[in-house]
Each structure stands twice: as C-alpha cells, then as structure tokens.
Amino acid sequence: MALAATPRVRRIQTISLALLVTAGVVNYVDRATLAVANPLIREDLGLSIPEMGLLLSAFLWAYAFAQLPAGVLADRFGPRLTLTLGLTCWSFGQMLGGAVTSFWQFVSARIVLGIGEAPHFPTCARVSRDWFNIRQRGTATGIWNCASSLGTFLALPLLTFLMVSFGWRAMFVIMGAVGLVLAAIVYGVFRNPRETDLTPGERAFLEEGDAPNASRPVTWSAWRRLFGFRTSWGMIVGYFGCIYMTWLYTAWLPSYLEIERHFTLQKTGLVGSIPFAFGVLGGILGGRVVDMLVRRGVDPIRSRKIPMVGSLVATAACTVVAALTPSDTLAIACISASLFLVYVSSSSAWAMASVAAPASCTASLGAMQNFGGYIGGALAPTVTGFIVGGTGHFSMAFITGAVIALVAALGYWTLIRDPIADEAPEGPVVGQLRAAR
C-alpha cells in the first residue's frame with residue numbers, strides 16, 4: 001500500500017506552498033519595478049536609452065552568476081535560513097533603488113537585488129524535495145513556479161498604482177518594506193524537516209524513492225562533481241532555451257505590440273497582460289502533467305523530459321506563427337499559447353531537479369540549471385534589440401528565439417538519460433555513459 005501524508009504533513013505542505021508562492025510573486029514584482037518606471041527614471045536621472053538597457057541587464061547578469069553559490073547555500077543551510085536571507089537582501093536592494101541619484105548607484109542597487117533573488121527558486125526546489133513525496137513533487141513545483149507568471153501579471157497594475165499615487169521612489173521603498181515583512185514571516189513560520197520532530201511514518205513518506213543518507217549536507221566535492229554529468233548539462237542547455245523565450249516576451253512584448261502591431265499605450269497595457277495569465281495556467285498544469293505521468297508508470301526522468309521537450313517544440317512553432325501572421329488576433333493567441341507552453345516547460349524543468357539530483361544536491365543542481373537559463377535570459381533582450389534595430393521588425397527576432405528553443409529541446413532530450421548517482425566509483429562521466437549503453 002502506498003504511503004500517505006499525515007494531516008500534519010499536509011498542513012506543512014500547504015503553508016510551505018503559500019509562503020513560496022507569495023515570495024515568488026514579490027520576487028517578480030520587485031524585478032519589474034525598473035521596467036514599469038522606466039520613462040520617469042530616465043527623465044529624473046537623465047539616463048539615455050542605452051544606459052537604461054545596461055541598467056535593465058545588470059539585474060539579470062548578477063542573478064545568473066549568483067545562482068551557483070545560491071544553490072549550495074540552500075542545500076547546506078536549508079530553505080528556512082536561505083530564503084529568509086535572500087528576501088532580506090533583495091528587499092534592501094529594492095529600497096536602495098528608491099534612494100539612488102546616479103546611474104552607477106542604480107546599477108549597484110540592481111546587482112544587490114539580483115544577488116538576493118538568486119536563491120529563491122533553487123530553495124523552492126529543495127522544499128519540493130524535503131516536504132513532498134516523489135509522486136507529489138511535480139504538482140508542488142507547478143504551484144510555486146506559477147508565481148513567476150502571476151507576479152508578472154500583477155506587476156503592471158500594482159506598480160502603476162503605487163507609482164501614480166506615491167511616486168516611483170516610494171514605489172521602490174514600499175515594495176522593499178513588503179519584502180522585509182515577508183522575510184520575518186518566513187523565518188517565523190517555515191521549518192526545515194530536521195527542525196521538525198517527524199514520526200517514522202512521516203519520514204518514510206517524505207523520503208520514499210530517495211537514496212540512503214539523502215539528508216547529509218552537500219560538500220564542495222559533491223557540488224563540483226555535478227558538472228561531470230551529461231544530465232547536468234542537458235538541464236542547463238534546455239533551461240537556456242526556456243528562459244530565453246520567457247525573457248524574449250517579458251522584455252519586448254509591450255514594444256512589439258506598439259511597434260509591430262501599432263497598438264496604443266492603453267491597448268498594450270490591456271492586451272499585454274493576457275499572455276501572462278495563460279502562463280500562470282501553464283505553470284500549474286506542467287507540474288500536474290509530470291505527476292500524472294509518474295502515477296501512470298512513466299519513470300521520473302521521462303515524466304519530466306516528455307512535457308519539457310514537447311512544450312518547447314510547440315512554443316517554437318507558435319512563436320514562428322506569431323512572427324509571420326498579419327492577423328493581430330492570431331498573433332496574440334499564438335503568444336498566449338507560447339507563454340502557456342513555456343511555463344509548462346519551466347515547471348517540468350524545475351521538477352526534474354527533485355529527481356535527477358542526489359537529495360543532498362537538489363538546490364545545487366537546480367541552481368546550475370537556473371544559471372544556464374538566465375544566461376539565456378540576459379542575452380534575449382540584447383539579441384532581440386540588435387535584430388530589431390537592424391531589421392526594423394520583430395519577425396527575425398521571434399524566429400531566432402524559436403530556433404534556440406528547438407536546439408534547447410534537442411539538447412535536453414539527448415543529454416538527459418539517467419538520474420545522477422549519489423556515488424560514482426568509476427567517475428561521473430564514465431559511470432553515466434556505461435549506464436546509458
């Protein structure tokens with residue numbers, strides 16, 4: 001008979017997901033403040049458009065490179081402390097953004113924001129591993145991962161209200177204060193499994209399918225050896241394409257609607273939020289599909305690969321249609337489908353971290369994946385800007401994104417074969433290549 005969650009474990013799972021979704025929404029609203037206040041900030045600080053482009057990318061590069069140590073911190077010290085410190089750091093960075101008087105001060109504030117936000121999603125992956133049975137982890141991942149699209153969906157109306165009511169500087173400070181309050185709540189409410197007096201039955205339920213000694217702390221050598229596995233590189237390559245497509249739309253959708261489709265500012269604000277509402281649905285559905293496949297007997301690795309690769313290929317197809325169609329309605333429908341599908345792939349990719357990594361390295365592997373993803377995320381706005389600047393249209397930029405998504409899907413499917421073994425006496429690459437024969 002399958003193990004079942006006790007009422008206490010179910011209550012902890014519900015509270016954990018509520019905290020992760022709330023923190024994820026604040027995470028994405030905070031990173032959107034600069035984009036929403038872009039015109040007013042340029043006017044107040046006398047910044048050029050190229051300077052604003054560099055300012056927008058400062059967060060992404062800091063966020064990407066901070067992923068690698070962030071995952072180790074989450075595995076080493078646990079989600080409770082890591083998430084609390086991350087929230088505190090990024091909230092201070094957000095508040096600093098409301099006090100800057102120069103370009104370089106703003107760059108510094110955005111770097112602090114990026115470093116602070118970096119541990120959030122690797123920490124979420126660790127919570128999925130710690131507090132959910134292997135048959136529940138896909139759905140749990142889909143729920144907390146939908147916070148990214150939900151936060152983007154809510155950011156424009158919320159931040160516009162704050163900016164119009166109190167000014168752009170106060171908008172930054174208010175959001176930073178919200179984050180500090182949330183950090184205190186997380187530390188006061190959330191607990192790691194080792195801080196909870198679990199019964200033997202509860203522990204057996206949570207650790208079902210995990211390797212022995214899964215709860216031991218991650219070591220430097222264990223973290224470093226992850227780079228020797230083809231599975232790690234498959235996750236990095238696949239997520240590069242996923243986040244490239246996400247930021248192609250996140251960074252450029254309003255400009256695309258105004259420049260390519262000739263929408264008014266008001267119409268852009270209304271229509272531009274629709275695709276991200278579909279992203280919320282895609283994020284949740286992606287996790288449920290993963291768990292459905294596991295319950296039907298598909299092994300945990302393939303249950304992640306199938307929706308990840310299928311949705312990336314379909315995203316590429318929808319993006320090409322959006323690029324080539326003369327119909328505004330069809331273009332919006334295809335972009336909505338693209339964001340729905342790309343969030344299916346995102347949830348599937350994050351669910352992979354909870355089954356592909358040794359349990360002690362779950363956040364570390366998830367952070368490596370996110371590092372690869374946000375290299376793509378940092379490149380997408382720049383590459384798109386150069387293509388649009390050179391051609392005057394978004395068609396080739398969209399097609400370029402579609403090609404990147406297809407290459408990423410191919411890499412994900414071919415490189416990922418097996419979970420990463422906890423012990424590798426033959427060496428990580430040799431052992432995995434033998435297992436793949």
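## Glycine 114 in α5

Glycine 114 is found in helix α5, which covers residues 103-117. This is a predicted model. In the model, glycine 114 is buried, with a relative accessible area of 0%.

Which residues does glycine 114 contact, leaving aside its neighbours within four places in sequence? They are Phe59, Ala62 and Tyr63. Tryptophan 90 is 24 residues from glycine 114 along the chain. The C-alpha atoms of these two residues are separated by 7.0 Å.

## Two residues of α1

Helix α1 runs over residues 7-36 and holds asparagine 27. Serine 16 has its place in α1 too.

Take asparagine 27 first. Its relative accessible area is 0%, so asparagine 27 is buried. Its side chain makes a polar contact with the side chain of arginine 31, at 2.6 Å. Not counting residues up to four places away in sequence, asparagine 27 touches Trp90, Glu117 and His120. Trp90 is also the partner in the C-alpha distance given for glycine 114. Glu117 falls within the residue range of α5, and His120 within that of α6.

Now serine 16. Is serine 16 buried or exposed? With a relative accessible area of 1%, serine 16 is buried. Its side chain reaches the backbone oxygen of isoleucine 12 at 2.7 Å. Setting aside residues up to four places away in sequence, serine 16 touches Val127, Trp131 and Phe190. Val127 and Trp131 lie in the range of α6. Phe190 comes back below, as a contact of arginine 80.

## Arginine 80 in α4

Arginine 80 sits in helix α4, residues 79-97. Its relative accessibility is 12%, and the cut-off for buried is under 20%, so arginine 80 counts as buried.

What does arginine 80 touch, not counting residues up to four places away in sequence? The contacts are Val186, Tyr187, Phe190, Arg191, Asn192 and Glu195. For valine 186 there is also a backbone value: its C-alpha atom and that of arginine 80 are separated by 7.1 Å. Along the chain the two residues are 106 apart. With tyrosine 187 the link is polar. A polar atom of the arginine 80 side chain lies 2.8 Å from the backbone oxygen of tyrosine 187.

## α6 against α15

Two packed helices are described by the angle between their axes and the distance between the axes. Helix α6 (residues 120-131) packs on helix α15 (residues 328-356) at an angle of about 55°. The axes are 9 Å apart. The two helices are therefore oblique to each other. The crossing of α6 past α15 is right-handed.

Which residues of α6 meet α15? They are Phe121, Pro122, Ala125 and Arg129. On the α15 side the partners are Trp350, Ala353, Ser354 and Val355. By class, this contact has six nonpolar, one polar and one charged residues.

## α15 against α16

Helix α15 also meets helix α16, residues 362-391. Their axes come within 8 Å and cross at roughly 145°. Here too the crossing is right-handed, with α15 passing α16.

From α15 come Ala349, Trp350, Ala353, Ser354 and Ala356. From α16 come Thr362, Leu365, Gly366, Gln369 and Asn370. The residues of this contact divide into five nonpolar, five polar and no charged. Trp350, Ala353 and Ser354 of α15 are in this contact, and they also meet α6.

## Serine 255 and histidine 262

Serine 255 lies in helix α11, which spans 230-259. At 26% relative accessibility, serine 255 counts as partly exposed. Serine 255 touches Glu260 and Phe394, not counting residues up to four places away in sequence. How far is serine 255 from serine 91 in space? C-alpha to C-alpha, they are 28 Å apart, with their positions 164 residues apart in sequence.

Histidine 262 lies in the loop between α11 and α12, the latter covering 265-271. Its relative accessibility is 65%, so histidine 262 counts as exposed. The backbone of histidine 262 has a positive phi of about 60°, although this residue is not a glycine.

Definitions and conventions: Residues are numbered from 1 along each chain as its sequence is written. This is a predicted model: local features need pLDDT of at least 70, side-chain atom pairs count only at pLDDT 80 or more; totals for chains, interfaces and linings use all residues. Side-chain values use heavy atoms; hydrogens and water are left out. Axes are lines fitted to C-alpha atoms, for helices over the stretch in contact, and angles run from 0 to 180 degrees between N-to-C directions. Helices (H or I, at least four residues) and strands (E, at least two) are DSSP runs, numbered from the N terminus. Angles under 35 degrees count as roughly parallel, over 145 as roughly antiparallel, 65 to 115 as roughly perpendicular and the rest as oblique. A crossing is left-handed if the near helix is turned anticlockwise from the far one by less than a right angle, and right-handed if clockwise. Contact means heavy atoms within 4.5 Å. Ala, Val, Leu, Ile, Met, Phe, Trp, Tyr, Cys and Pro count as nonpolar, Asp, Glu, Lys and Arg as charged, and the others, Gly among them, as polar. Buried means under 20% relative accessible area, exposed over 50%, partly exposed in between (1.4 Å probe, protein chains only). A polar contact is a pair of N or O atoms within 3.5 Å; within protein, one must be able to donate a hydrogen and the other to accept it, and residues adjacent in sequence count only if both atoms are side-chain atoms.
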